[in-house]
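Grab a pencil and open the structure viewer. The exercises below take you from the whole fold down to single residues, each with a worked solution.

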Amino acid sequence: MSVLKHKLKVALIQFAGGTPDKTANLKRAGTFVARAMKEQPGTELVVLPECFNSVYAVDQFRRNAEVIKDDSPSVRFLSDLAREHKITLVGGSIPELEPSTDCVFNTCLVFDSAGNIIARHRKMHLFDVDIPNGITFRESDTLTGGSETTTVGAPFGSFGVGICYDIRFPELAMISARRGAFAMVYPSAFNTITGPLHWHMLAKARSIDNEIYTILCSPARVPGSGYQAYGHSLVVDPQGTVIAEAGEGEEIVYAELDPDAIAKVRRGIPVTTQRRFDVYKDVSLDAK
Ligand SMILES: NC(=O)CCC(=O)C(=O)O
């Protein structure tokens, strides 16, 4: 049985949501999703970008954080959106406040077509980098990393979720693929320094490693804003080919995923059954 149950239409909403006005950001996301449903009828999976409801900045996460409960503004909005359009919605990411610990997480919620939360992925690997003459960013100044990998069961099959920098850690994708995922979905916000270096290569690598689809959804670039998003939301097929890609501005990326594409690649180059876990049982062990 294929890991993807039937052909699947997806839409990636690359829009400029991350302004200081959360209400306006949510409203705009809703407008784009409605447009996607008109332009590509039959869409079942919709993806929003990382931190789509507020400004992506270390000193803004706590201010914009919401507790994950039914009446929090972004949670209610996303739930209504999924129910209204009868879609599985990967709700980008939002800053989440965990009241029991007072920690703030960068969190992706996934909703089913009835508006129920079916997964919560807390970004595991925080974006802490310091590239000379490039970019310095330290999410860990104000965020806490999650500690669980996420594989979501949807009516059309299972898919894994990571958030942006998580894509650099191939273990997440492999864990989900070994659980039967047909795709990895990463709400993301690369930038104009690391985007040109690694965005496409990482997406292709995760696809080729696991012979699955890889989906990256970025915010649109806003000239003059503090954090310059890379854009280029894309879908890579199980062979490592980009089958749909946006430019830098606001745009919806449409694609149709095909179970046969996964089966064909896996038949031809069967790495998913040739792995030697008897040799590399646990890569987390210290190297000898
Ligand atoms: N928001 C992020 O995690 C950015 C990750 C990034 O740009 C990278 O190069 O990795």
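Before you start, one definition: two strands count as paired if DSSP finds at least two bridges between them. Also keep in mind that this is a predicted model.

**Exercise 1. Work out whether the overall dimensions of the protein agree with those of a compact globule.**

Solution. Start with the parts list: the protein has seven helices and 15 strands. Next, take the chain length. For 288 residues, a compact globule would have a radius of gyration near 19 Å, and the protein comes in at 18 Å, which agrees. Along the principal axes, the C-alpha trace spans about 50 × 50 × 40 Å. Now look inside: 46% of the 288 residues are buried. Finally, check who touches whom. Among contacts between residues at least 6 apart in sequence, 66% join residues at least 24 apart.

**Exercise 2. Find the partners of strand β1 and say how each one runs relative to β1.**

Solution. First locate β1, at residues 8-14. Six of its seven residues are buried, so β1 is largely enclosed by the rest of the structure.

Then take the partners one at a time:

- Strand β15 (residues 251-257) pairs with β1 in the antiparallel sense, over seven bridges. Here A11 stands opposite Y254.
- Strand β2 (residues 45-47) pairs with β1 in the parallel sense, over three bridges. A11 turns up again, this time with V46 as its bridge partner.

Last step: how does the chain get from β1 to β2? Helix α1 (residues 22-39) joins them in a β-α-β unit, and that unit is right-handed.

**Exercise 3. Which strands pair with β5, and over how many bridges?**

Solution. β5 covers residues 103-111, and eight of those nine residues are buried, so this strand is largely enclosed by the rest of the structure. Go through its neighbours in order:

- Strand β3 (residues 88-90) pairs with β5 in the antiparallel sense over two bridges. L89 has F111 as its bridge partner.
- Strand β4 (residues 94-98) is antiparallel to β5 as well, over five bridges. Check L97: its bridge partner in β5 is V104.
- Strand β6 (residues 117-122) also pairs with β5 in the antiparallel sense over five bridges. In this pair, C108 stands opposite H121.

Now inspect the turns. The hairpin of β4 and β5 has four residues between its strands, and D102 takes a positive phi near 65° there. The hairpin of β5 and β6 has five residues between the strands, with G115 at a positive phi near 90°.

**Exercise 4. C51 and E211 both have a positive phi without being glycines. Are they buried or exposed?**

Solution. Use the cut-off: a residue is buried if 20 or more other C-beta atoms lie within 10 Å of its own.

Take C51. Its phi is about 45°, and it sits in the loop between β2 and α2. C51 has 29 C-beta neighbours inside 10 Å, so it counts as buried.

Now E211. Its phi is near 55°, and its home is the loop between α5 and β12. With 25 other C-beta atoms within 10 Å, E211 is buried too.

For contrast, try P223 in the loop between β12 and β13. P223 has 7 other C-beta atoms within 10 Å, so it is exposed.

**Exercise 5. What do the buried residues of helix α4 pack against?**

Solution. List the buried residues of α4 (residues 170-178) first: L172, A173, M174, S176 and A177. Then follow them outwards. They pack against β9, β10, β11 and α5. Past the helix comes G180, with a positive phi near 105°.

**Exercise 6. Sort the residues around the ligand into nonpolar, polar and charged.**

Solution. Begin with the names: E50, F127, C164, Y165, R168, A189, F190, N191, T194 and H198. Sorting this shell gives five nonpolar, three polar and two charged residues.

As a last step, pick N191 from that list and compare its position with P223. The two are 32 residues apart in sequence, and their C-alpha atoms are 12 Å apart in space.

Technical notes:
Residues are numbered from 1 along each chain as its sequence is written. This is a predicted model: local features need pLDDT of at least 70, side-chain atom pairs count only at pLDDT 80 or more; totals for chains, interfaces and linings use all residues. The radius of gyration is taken over C-alpha atoms; the globule rule is 2.2 Å times the number of residues to the power 0.38. A residue is buried if 20 or more other C-beta atoms lie within 10 Å of its own, exposed if 12 or fewer, and partly exposed in between; C-beta atoms are placed from the backbone. Two residues are in contact if their C-beta atoms, placed from the backbone, lie within 7 Å. A crossover is right-handed if, with the strands pointing away from the viewer, the path from the first strand over the helix to the second runs clockwise. A residue is near a molecule or strand if its C-beta atom, placed from the backbone, lies within 6 Å of it. Ala, Val, Leu, Ile, Met, Phe, Trp, Tyr, Cys and Pro count as nonpolar, Asp, Glu, Lys and Arg as charged, and the others, Gly among them, as polar.
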